[in-house]
Amino acid sequence: MPTDCAAVLADRLNRAAAVARDTAADGDRTGAFPHDAFAALAEAGLLTAPLPTEHGGLGWATDPAAAPDVYDALRIIGRASLPVGRLYEGHIDGLRLVSTFGTAAQLAAAAADARAGRRFAVWNTEGAGGVTLEPQPGGGLRMRGAKTFASGAGIVERPIVTGRLPDGGWQMVVVPADAVALAVDPDSWRPLGMRATGSFRAQFDGVVLGADAVLGAPDAYYREPDLTVGVARFAAVQLGGAEALVDATAAHLRELNRTGDIHQQDRVGRMAIAVESGRLWLDGMAQRLTSDPTTRIGYANMVRTAIETICLDVIRLTEQAVGARGLVQPHPVERIVRDLTIYLRQPAPDAALSHVGSVALSHGLPSSWR
């Protein structure tokens with residue numbers, strides 16, 4: 001990207017992040033969807049940025065060369081508001097799936113939707129029973145069942161939803177959520193943090209989709225290395241949350257005139273080293289996106305595991321630095337710690353670490369992975 005274009009985009013991104021930061025406390029208090037922040041993201045051109053360049057985007061969802069910009073944007077937005085970062089990461093992932101597996105017509109429709117300000121998401125998590133898809137005449141599908149942790153449910157217009165076919169295949173569909181009878185249960189989402197993501201239970205009984213809503217072949221959602229490599233995006237948002245804790249801790253210590261305390265200096269120094277190492281992990285991931293699949297998957301699991309550890313360390317140091325007074329509402333540390341604690345609970349952390357060990361045993365240390 002030309003330097004002048006990059007500077008303009010950075011300025012727009014920072015202005016959108018400022019809106020997300022300024023409205024984060026209200027979103028936590030009310031649990032309302034961050035409409036103002038997403039309006040700012042749309043105005044900044046960030047809802048279309050994940051699209052391929054030929055559709056007016058920046059290739060953020062599919063072009064490996066764009067990865068540094070993607071990780072930086074997610075980190076900056078996460079630093080401003082973890083719920084907004086989570087929702088925007090889902091928007092990128094949804095457009096990634098359409099760009100990768102969709103037909104030309106589906107991608108064109110998604111591009112038009114993004115330009116119109118419609119938001120995408122990926123809803124895959126489910127409880128017992130989950131979502132089933134019944135084939136209909138003409139190639140369409142009838143949906144039954146529900147998804148849990150459906151971020152932005154009731155607001156997001158274009159979720160990518162997975163469901164089980166009669167033969168056991170796992171099929172993606174693009175649901176026009178603004179045009180079907182989708183039952184959303186707000187009482188299903190009473191979390192410690194991340195309230196503004198609105199990750200409600202979404203019920204699909206009776207929703208009938210046409211053949212044009214069927215996205216990709218069965219089981220395409222689980223195609224590797226794309227599935228695992230995507231964890232670096234949510235890790236970037238999480239790292240932004242850790243950076244926000246460093247910011248809030250420093251502001252707290254300045255307000256109390258405690259910046260000269262050597263013990264506090266030690267804590268903040270450790271926090272600064274931790275978040276900088278997280279940024280270097282993301283740089284390493286960006287450099288390996290064209291490597292062989294084993295390297296990409298192994299390194300992505302390293303990034304995810306390392307940044308989780310970094311965030312947990314920063315939370316601990318923050319709590320020690322600010323003490324009880326910083327863990328009482330409406331102190332920003334209290335909110336950010338809750339949000340980050342919830343967001344770090346991604347599925348299968350043990351499997352991710354075990355895979356790193358397996359690759360290291362068979363391929364040596366990461367410095368030799370190519």
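A polar contact is a pair of N or O atoms within 3.5 Å. The exercises below concern a predicted model.

**Exercise 1. Determine where His-331 lies, whether His-331 is buried or exposed, and which atom its side chain approaches.**

Solution.
Step 1. His-331 belongs to the loop that joins helix H9 (293-322) to helix H10 (332-343).
Step 2. The relative accessible area of His-331 is 17%. Buried means under 20%, so His-331 is buried.
Step 3. A polar atom of the His-331 side chain is 3.1 Å from the backbone nitrogen of Val-333.
Step 4. Leaving aside residues up to four places away in sequence, His-331 touches His-252, Arg-325 and Gly-326.

**Exercise 2. Locate the cis peptide bond that ends at Pro-330, and then the one that ends at Pro-225.**

Solution.
Step 1. The bond from Gln-329 to Pro-330 is cis, and its omega is near 5 degrees. Pro-330 is placed in the loop between H9 and H10.
Step 2. The bond from Glu-224 to Pro-225 is cis, with omega near 5 degrees. Pro-225 is part of the loop between strand E9 (214-215) and helix H6 (226-229).

**Exercise 3. Describe how helix H4 (residues 82-101) packs with H10.**

Solution.
Step 1. Two packed helices are described by the angle between their axes and by the distance between the axes.
Step 2. For H4 and H10 the angle is about 30 degrees, and the axes are 10 Å apart.
Step 3. Angles under 35 degrees count as roughly parallel; H4 and H10 are therefore roughly parallel to each other.
Step 4. On the H4 side, the contact involves Leu-82, Pro-83 and Arg-86; on the H10 side, it involves Ile-336, Asp-339, Leu-340 and Tyr-343.
Step 5. Sorted by class, this contact of H4 with H10 has five nonpolar, no polar and two charged residues.

**Exercise 4. State whether Glu-89 is buried or exposed, and name the residues that Glu-89 touches.**

Solution.
Step 1. Glu-89 lies in helix H4.
Step 2. With a relative accessible area of 7%, Glu-89 is buried.
Step 3. Not counting residues up to four places away in sequence, the residues touched by Glu-89 are Leu-74, Gly-230, Arg-233, Phe-234 and Val-237.

**Exercise 5. Describe the packing of helix H8 (residues 262-287) with H9.**

Solution.
Step 1. The axes of H8 and H9 come within 9 Å, and they cross at roughly 165 degrees.
Step 2. Angles over 145 degrees count as roughly antiparallel, so H8 is roughly antiparallel to H9.
Step 3. The crossing of H8 and H9 is left-handed.
Step 4. By class, the contact of H8 with H9 has 16 nonpolar, six polar and three charged residues.

**Exercise 6. Phe-149 and Asp-219 have positive phi values. For each residue, give the phi value, the place and the exposure.**

Solution.
Step 1. Phi of Phe-149, a residue other than glycine, is near 50 degrees. Phe-149 is located in strand E3 (residues 141-150).
Step 2. The relative accessibility of Phe-149 is 52%. Exposed means over 50%, so Phe-149 counts as exposed.
Step 3. Asp-219, although not a glycine, has a positive phi of about 70 degrees. Asp-219 is found in the loop between E9 and H6.
Step 4. Asp-219 has a relative accessible area of 41% and is partly exposed.

Notes
Residues numbered from 1 in each chain as written. Predicted model: local features only at pLDDT ≥ 70, side-chain atom pairs only at ≥ 80, totals over all residues. Heavy atoms only, no water. Helix = DSSP H or I, 4+ residues; strand = E, 2+ residues; numbered from the N terminus. Buried < 20%, exposed > 50% of the residue type's maximum accessible area, 1.4 Å probe, protein only. Polar contact = N/O pair within 3.5 Å; in protein donor to acceptor, adjacent residues only side chain to side chain. Contact = heavy atoms within 4.5 Å. Axes fitted to C-alpha atoms, helices over the stretch in contact; angles between N-to-C directions. Parallel < 35°, antiparallel > 145°, perpendicular 65-115°, else oblique. Nonpolar A, V, L, I, M, F, W, Y, C, P; charged D, E, K, R; others polar. Left-handed = near helix turned anticlockwise from the far one by under 90°.
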